[in-house]
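Here are some short exercises to work through with the sequence and the model side by side. Try each task before you read its solution.

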Amino acid sequence: MEGHLLNQRYKKRTALLATLLATAMLTLGGSLLYNLVKLRQSWVDYSYETSARGDALARIHRAVGYGGFIHHYKNYVLRQDQTYLDRLALDIDETRNALNSYSRLELTMKEQVALRTIRKTFEAYMASVRSAELGVVEGVQPAILEKRVEISDRTAIEALAVLQRAYDAYNAGAAERIQSEFNFLINVLLMGLLAVPIIGFWAHGHMGLLERLVENILARREMQQQLLAREQEAQQAHRRSEQYRDLAYRCSLTQIPNRQAFQEAAAAALDSARESREKLAVLYVDVDDFKRINDEHGHPVGDKVLTEIACRLDSILREEDLVARIGGDEFAILIFGRDVLKAKDQLASRILDVLNDPFDHIVDNLRVSCSVGGAIGPDHGDDVDTLLREADTRMYVVKRSGKNGAMIG
């Protein structure tokens, strides 16, 4: 009778231990599975959203900056070249697609307002294409036509900065959420790794589960490796988003800043100059007879010449100065800091000298010159667009006076 009671007690204890171990394993496994699925879904959502945002934002950056719709529109007005007009039709479709793609994302109220501002600016430009085309047909002078169809893109640039900040904030918030979920999953895994051995060794004397416990530990290690792999994928996505941003602010041919980057840097420098009651200078550099170089030697040679010019201009700048390619054969230089009025003349002289050096390593006996115009801020204008126009006007005076010279201030 006593042996029977001991046997019954042993069976109940064994069943209790088995139930406890099974419950602990199921709870741990279910928690890990749930959080792993949740982490995977967060990663999929983040990858899709950041890729869609990055692509649409990069295309909108391009439309506003160098090589996009506004760039080709302004070049058509100033150059009155049919090539730019032909390109505008493609730019309009590309710009609409980029804006529509961005509008389909989950946006905050600020992003919606910024997107409407950008769309409104583009619609104004699109509506003016026909007016610009009629002006060219009528033979209106570029300077007059530019004033007739002039549209400010300052609000669009400011709205674009709002979208960029929202994009950066989204990336930071999503990365933080994924990291938090990943940390929670690791903590659950560690708790399980601590709890399972205790329960397993306790139950081993009655059920012989040590072997199964080791297998579970090995499975947890494999899961941890998979989680680490997901974290590496998230880091790669972040690096891709940084690359999208760099592409939006850099000329792909010359690898120097583009018009968008110059606009933002010059605007910040102008604000700083106002606060400190200092000056800054904007130089507009246009390559003389660049069309002839393309016609005689081909566009590949022309691209090499532009790249070499960008390299030479960058090499003669001071550390605080900036050079950017803002058009096909047009460059802009921002001079900011101490002794601006003295530095502008010295730099203009160095620009002419360095570009007058032979380009024999590209084509034998190839000579290149440029015309330079400059404006002083805030004396000649309170915003970047005005300073660029003033510098461009002086550059055209040099062009009409025989080229290969400079007129600043």
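**Exercise 1. Place Ser 369 and decide whether it is buried or exposed.**

Step 1: Ser 369 sits in the loop between helix H11 (340–356) and S4. Helices (H or I, at least four residues) and strands (E, at least two) are DSSP runs, numbered from the N terminus.

Step 2: its relative accessibility is 18%, so Ser 369 counts as buried. Buried means under 20% relative accessible area, exposed over 50%, and partly exposed in between (1.4 Å probe, protein chains only).

Before going on, a word on the ground rules. This is a predicted model, in which local features need pLDDT of at least 70 and side-chain atom pairs count only at pLDDT 80 or more, while totals for chains, interfaces and linings use all residues. Residues are numbered from 1 along each chain as its sequence is written, and side-chain values use heavy atoms, with hydrogens and water left out.

**Exercise 2. Find the partners of Ser 369.**

Step 1: set aside the neighbours within four places in sequence; Ser 369 is then in contact (heavy atoms within 4.5 Å) with Val 287, Asp 288, Asn 356 and Asn 404.

Step 2: look at Asp 288, whose side chain is joined to that of Ser 369 by a polar contact of 2.8 Å. A polar contact is a pair of N or O atoms within 3.5 Å; within protein, one must be able to donate a hydrogen and the other to accept it, and residues adjacent in sequence count only if both atoms are side-chain atoms.

**Exercise 3. Inspect the backbone at Asp 289, Gln 255 and Pro 378.**

Step 1: Asp 289 is in the loop between strand S1 (280–287) and helix H9 (290–297). Its phi is positive, about 55°, although Asp 289 is not a glycine. At 37% relative accessibility, Asp 289 is partly exposed.

Step 2: Gln 255, in the loop between helix H7 (210–248) and helix H8 (259–276), is not a glycine either, yet has a positive phi of about 65°. With a relative accessible area of 46%, Gln 255 is partly exposed.

Step 3: Gly 377 and Pro 378 are joined by a cis peptide bond, with omega about 5°. Pro 378 belongs to the loop between strand S4 (370–377) and helix H12 (384–400).

**Exercise 4. Describe how H9 meets helix H10 (residues 299–315).**

Step 1: the two axes come within 7 Å and cross at roughly 140°, which makes H9 oblique to H10. Axes are lines fitted to C-alpha atoms, for helices over the stretch in contact, and angles run from 0 to 180 degrees between N-to-C directions. Angles under 35 degrees count as roughly parallel, over 145 as roughly antiparallel, 65 to 115 as roughly perpendicular and the rest as oblique.

Step 2: on the H9 side are Phe 290, Ile 293, Asn 294 and His 297, and they meet H10 residues including Val 301 and Val 305.

**Exercise 5. Which residues have the most contacts inside the largest nonpolar core?**

Step 1: this core has 36 residues, and the best-connected are Val 305, Ile 309, Phe 331, Ile 333 and Ile 351. A nonpolar core is a set of buried Ala, Val, Leu, Ile, Met, Phe, Trp, Tyr and Cys residues joined through side-chain atoms within 4.5 Å.

Step 2: H11 gives the largest share of the core, eight residues.

Step 3: not counting residues up to four places away in sequence, Val 305 touches Phe 290, Ile 293, Phe 359, Ile 362, Leu 366 and Val 368.
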